[in-house]
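Subject: Handover of a structure

Dear colleague,

Please find below the structure that I am handing over to you. My notes on what was found in it follow directly after.

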Amino acid sequence: MRLTYTCSVCKKQNFLKEKADTRPELQKKLGRDEVHVNCDNCGKMDKKHINRITAVVDQRITALGLILGSIISFVLIYLFGFIAALTLSLPIIVWRYESENAHKFNSYAIRRE
């Protein structure tokens with residue numbers, strides 16, 4: 001799961017360096033309700049409220065799961081035959097786990113003061 005925000009000027013999606021599983025955890029880590037961000041595309045410095053930060057599935061982890069599942073499947077098909085077909089589900093399991101974590105993060109909002 002990666003935390004993202006959209007630049008208010010160029011409307012490009014950027015990623016935060018901070019990592020947290022929930023918004024309250026992110027708020028506790030930062031010590032405030034706003035994140036100071038710098039757009040990678042246009043360079044605009046801005047403040048984003050924690051509720052404007054969203055979580056998305058990390059495609060790098062999903063791709064890694066796909067590669068590992070493929071390698072394990074080919075090895076097991078060569079050695080054991082049909083049993084290896086079960087390992088093809090590894091990328092799906094990884095993607096579902098990432099998707100559930102992103103949904104949990106996005107479904108909870110911090111109360112604005």
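I begin with Thr62, which has a relative accessibility of 13% and therefore counts as buried, the limit being under 20%. Please bear in mind throughout that this is a predicted model. Thr62 belongs to helix 2, which covers residues 59-80. Leaving out residues up to four places away in sequence, Thr62 touches Val57, Val94 and Trp95.

The nonpolar core comes next. The largest one has 15 residues, and those that touch the most other members are Leu3, Leu16, Leu26, Val35, Ile53, Ala55 and Phe105. At least two residues of this core come from each of strand 1 (2-6), helix 1 (23-30), strand 3 (34-38) and helix 3 (90-106). Leu26 may serve as an example: apart from residues up to four places away in sequence, Leu26 touches Leu3, Glu18, Ala20, Ile50, Ile53 and Phe105.

I turn now to the largest pocket, whose volume is about 170 Å³. Its lining is formed by Tyr5, Phe15, Leu16, Lys17, Glu18, Val35, His36, Val37, Asn38 and Asp40. Which element gives the most to this lining? Strand 3 does, with 4 residues. Sorted by class, the lining comprises 5 nonpolar, 2 polar and 3 charged residues. Leu16 and Val35 are named both among the core residues that touch the most other members and in the lining of the pocket.

The cysteines deserve a separate paragraph. How many disulfides does the structure hold? The number is 0. Cys7 is in no disulfide, and the nearest cysteine sulfur to it belongs to Cys42, at 3.6 Å. A disulfide requires sulfur atoms within 2.5 Å, so this pair does not qualify. Cys7 has a relative accessible area of 4% and is buried. Cys39 is likewise in no disulfide; here the nearest cysteine sulfur is that of Cys10, 3.6 Å away. Cys39 is also buried, with a relative accessible area of 4%.

Two positions around strand 4 may also be of interest to you. His49 is part of strand 4, residues 45-49. Is His49 buried or exposed? His49 is buried, because its relative accessible area of 10% is under 20%. Setting aside neighbours within four places in sequence, His49 is in contact with Asp33, Glu34, Ile110 and Arg112. His49 and Ser89 are 40 residues apart in sequence, and their C-alpha atoms are 38 Å apart in space.

Asn51 is located in the loop between strand 4 and strand 5 (54-56). Not counting residues up to four places away in sequence, Asn51 touches Arg23, Ala109, Ile110 and Arg112. Ile110 and Arg112 are thus contacts of His49 and of Asn51. The C-alpha atoms of Asn51 and Ser107 are separated by 10.0 Å, with these positions 56 residues apart along the chain.

Finally, I draw your attention to Lys11, which sits in the loop between strand 1 and strand 2 (13-15). The phi angle of Lys11 is near 60°, a positive value in a residue other than glycine. Lys11 is exposed, because its relative accessible area of 58% is over 50%.

With kind regards

Definitions and conventions. Residues are numbered from 1 along each chain as its sequence is written. This is a predicted model: local features need pLDDT of at least 70, side-chain atom pairs count only at pLDDT 80 or more; totals for chains, interfaces and linings use all residues. Side-chain values use heavy atoms; hydrogens and water are left out. A nonpolar core is a set of buried Ala, Val, Leu, Ile, Met, Phe, Trp, Tyr and Cys residues joined through side-chain atoms within 4.5 Å. Buried means under 20% relative accessible area, exposed over 50%, partly exposed in between (1.4 Å probe, protein chains only). Contact means heavy atoms within 4.5 Å. On a 1 Å grid over the protein atoms alone, a cavity is a set of points where a 1.4 Å probe fits but cannot get out, and a pocket is an open set with protein on both sides within 12 Å along at least five of seven lines; lining residues have an atom within 4 Å of a point. Grid points are joined across faces, edges and corners, and a volume is the space filled by probe spheres set on the points. Ala, Val, Leu, Ile, Met, Phe, Trp, Tyr, Cys and Pro count as nonpolar, Asp, Glu, Lys and Arg as charged, and the others, Gly among them, as polar.
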